[in-house]
Amino acid sequence: ALQAIETRPGFQLQLAAAEPLVRDPIAMAFDENSRLFVVEFPEYNHKHAGWKIPRQGVIRMLVDTNEDGRFDRSTVYVDKLDSPTSVACYDGGIIVAAAPDLIYCKDTDGDGRADVRKKIFSGFAISAERGGGARLNSIRWGLDHRFHLCTSFSGGQVVRLGEKDAQPLDVRNRGFE
């Protein structure tokens, strides 16, 4: 595959990570420390096809310990996620899209695993009529200094958790920021 990709003069393409460090990746994000956070979601579409997949999705943290440009250490940063589809780095942690929730996770004790796991929004839907593929995805940092997410056709009635009088917001066929 590397030989089939054409690069501009002066640029090169290298493999940075592969199995067994990461498996079934569907999204990724780099943090300010050059760590790579990868969403592994082995049951994507299999779950809705009726196949029995024994494990849930996880977020792996990949690190290049010898700084040679290739990741050589992989740890599970967050596990037991239902339907994870996107990740973004923020404030020393990560934001994870795992419908019906948007979750903030952070490692505060330095062991490489998130010990903070806080749902910040909930109510995102998963569209059964579209085989489960239409769901919350694509967390991106915008030029307006906000995160933007695609809610697809699934939408949902989303509320900000932790706010006493939070009112649900219908996000069907809309972006979310």
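Which residues lie on the two faces of strand 6, and are they buried or exposed? In this predicted model, one side of strand 6 carries G93, I95 and A97, and the other carries I94, V96 and A98. Residues on both sides are buried, so each face of the strand is covered, given that buried means under 20% relative accessible area. Strand 6 spans residues 93–98, and six of its six residues are buried.

Next come the neighbours of strand 6. Strand 5, residues 84–90, runs antiparallel to strand 6 and is joined to it by six bridges. Within this pair, S86 of strand 5 stands opposite A97 of strand 6. The two strands form a hairpin with two residues between them. D91 lies in that turn and has a positive phi of about 55°.

Strand 6 also pairs with strand 7, which covers residues 101–106. This pairing is antiparallel too and has five bridges. Here I94 stands opposite C105 of strand 7. Again a hairpin makes the connection, passing from strand 6 to strand 7 through two residues.

Another part of the model is an open sheet of four strands, in the order 1-2-3-4, with antiparallel pairing. Strand 1 (25–30) and strand 4 (73–81) each have a single partner strand, so they stand at the edges and one side of each lacks a neighbour in the sheet. From one strand to the next, the twist averages 20°. At the strand 1 edge, the partner is strand 2, residues 36–40, and five bridges join the two antiparallel strands. One of these bridges links P25 to E40 in strand 2.

Key. Residues are numbered from 1 along each chain as its sequence is written. This is a predicted model: local features need pLDDT of at least 70, side-chain atom pairs count only at pLDDT 80 or more; totals for chains, interfaces and linings use all residues. Side-chain values use heavy atoms; hydrogens and water are left out. Buried means under 20% relative accessible area, exposed over 50%, partly exposed in between (1.4 Å probe, protein chains only). Two strands pair if DSSP finds at least two bridges between them. Axes are lines fitted to C-alpha atoms, for helices over the stretch in contact, and angles run from 0 to 180 degrees between N-to-C directions.
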